Protein chains: 2
Amino acid sequence: MTRSDARETKEKILDSAEKLFARDGFPATSLRAITADAGVNLAAVHYHFGSKDALVEAVFTRRLEPLNQERLTLLDAVETSSEATSPEKILEAFVGPPLRLLRDEKRGGATFMRLMGRTLTEPSQQVQEIFIRQFREIAGRFTAALKHALPGLPPEEIFWRMHFSIGAMAHTMSDTFRLRLISGGLCDSADVDATIHRLVTFLSAGMQAPGTGDRP
Amino acid sequence: MTRSDARETKEKILDSAEKLFARDGFPATSLRAITADAGVNLAAVHYHFGSKDALVEAVFTRRLEPLNQERLTLLDAVETSSEATSPEKILEAFVGPPLRLLRDEKRGGATFMRLMGRTLTEPSQQVQEIFIRQFREIAGRFTAALKHALPGLPPEEIFWRMHFSIGAMAHTMSDTFRLRLISGGLCDSADVDATIHRLVTFLSAGMQAPGTGDRP
DNA sequence: GTCTATATCCTGATAGAC
DNA sequence: GTCTATCAGGATATAGAC
């Protein structure tokens, strides 16, 4: 084990932490479980990260930064390619990257996708703050694009519907077996592109529904 | 303290557990924190419930049984009142009762609503099982009603869209301040009926989108 | 940088007096 | 039914040898 350098140890800890956090949640996952899974010493966590909280933050930022960068790149492409930017394409740029994690093992794969999905809705104070910090720019850019694509919709309605969309996306990311169970095996999420297409179709129709300003 | 009977102690424990579980999650909430908040003795939890796991289950079943009963009653009313049952009314019967918890303190109020919202997406194995057990009948009845209201849609698409809808609903239930923060105060969830109307409009449009069977 | 050993604290659970 | 006292184990974190 003396041949493995610091970089390897750090990555191994992050990988194991990601895996166990996704499966059991943050508070239920002990540093002992993480270091045992990673095959490193317990004290290595404190040497490399300082504390459990700092480790949690590192697990997220490692993946979220490139993911959000990809979202912005896709949105740029949508906005420059066509005159009339459709809600479909904007929403695809938003939900596509996290859902495609399922087949991108190098960026965390299904494990980080699930972790992100469950964390979006189950916010410990600490993790909530990490997310908001990483999410502000994304939220601003995408709501602006949607405002432009849906000029008839009041701005507050855009925010509400983005909120609903994030919930639908998060649930799709976090749940990999309940849907199959309840549908009696009818629904399978293995085909990522089909899932993205289903979700975008659903969200886009909801996004384009008439405003609810005048309540019946 | 000798004048408080067993019933009161049990209820006090359930109330405090509900509150702290909603705030901090199950594993991060200790029995000591619960009993301190409830003003009862630590050993009372084991006397009345047997274990922490059993307490978790009791916290849910106390609220979920009447809630799901209300959903079924509303669905019955929708199905008998009109010939053509609209997706709007079915979805309203599904998401209305949990969202109206916000102003029904006697049934858990905002606290249990938040707890339910976060637990729907963040499933520890144990709690996941409680939910599925309580949810099977509901899921069956509502998907059947939607199938009837949307005869053109493939059954698997109904399941997928119910899945998306549950995610949007759960996120709306669990988050009470991030939306306001990100929208710059533009969105306020205090008006429960307006929120339900917004959500139902969104979901219903998504539910009625063309099927995605033939992918482009 | 990595390890062992340990300090300190908190957890769920229980035994037994009242 | 309610209390005190306590058990046994696991948690984070750290000190110090190598």
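Helices here are DSSP runs of at least four residues, numbered from the N terminus, and a residue is near a strand if one of its heavy atoms lies within 4 Å of it. With those terms in place, I turn to the complex before you, which is a predicted model.

I begin with DNA strand C. The helix that gives the most to the surface near this strand is α3(A), with 3 residues. At least two residues each come from α1 (6-24) and α3 (42-48) of chain A, and likewise from α2 (31-38) and α3 (42-48) of chain B. Both chains are therefore represented in the surface near DNA strand C, given the helices that supply residues to it.

There are 17 residues around DNA strand C, and those that come nearest are Thr9(A), Asn41(A), His48(A), Leu31(B) and Arg32(B). Of the strand's atoms within 4 Å of the protein, 61% belong to sugar and phosphate. By class, the residues of this surface comprise 6 nonpolar, 8 polar and 3 charged.

Which atoms of DNA strand C do Asn41(A) and Leu31(B) approach? For Asn41(A), a polar side-chain atom is placed 3.1 Å from a phosphate oxygen. Leu31(B) uses its backbone: a polar atom there is 2.9 Å from a phosphate oxygen. Arg32(B) addresses a base, with an N or O atom of its side chain 3.0 Å from a base nitrogen.

I now move to DNA strand D. Around this strand there are 18 residues, of which Leu31(A), Arg32(A), Thr9(B), Asn41(B) and Tyr47(B) come nearest. Sugar and phosphate make up 57% of the strand's atoms that come within 4 Å of the protein. The surface near DNA strand D draws at least two residues from each of α2 (31-38) and α3 of chain A and α1 (6-24) and α3 of chain B. It divides into 7 nonpolar, 8 polar and 3 charged residues.

On this strand, Arg32(A) has a polar side-chain atom 3.3 Å from a base oxygen. The phosphates are approached from chain B: a side-chain N or O atom of Tyr47(B) is 2.9 Å from a phosphate oxygen, and a polar side-chain atom of His48(B) is 3.0 Å from a phosphate oxygen.

Finally, the relation between the two protein chains. A turn of 180 degrees and a shift of 0.0 Å along the axis lay chain B on chain A with an RMSD of 0.1 Å. The copies are thus related as by a two-fold rotation axis. Moreover, 100% of the interface residues of chain B are also interface residues in chain A, so the copies meet through the same surface.

Conventions:
Residues are numbered from 1 along each chain as its sequence is written. Chains are lettered from A and ligands numbered from 1 in the order in which they are written. This is a predicted model: local features need pLDDT of at least 70, side-chain atom pairs count only at pLDDT 80 or more; totals for chains, interfaces and linings use all residues. Side-chain values use heavy atoms; hydrogens and water are left out. A polar contact is a pair of N or O atoms within 3.5 Å; within protein, one must be able to donate a hydrogen and the other to accept it, and residues adjacent in sequence count only if both atoms are side-chain atoms. Ala, Val, Leu, Ile, Met, Phe, Trp, Tyr, Cys and Pro count as nonpolar, Asp, Glu, Lys and Arg as charged, and the others, Gly among them, as polar. Copies are superposed by least squares on the C-alpha atoms of residues with pLDDT of at least 70 in both. Contact means heavy atoms within 4.5 Å.
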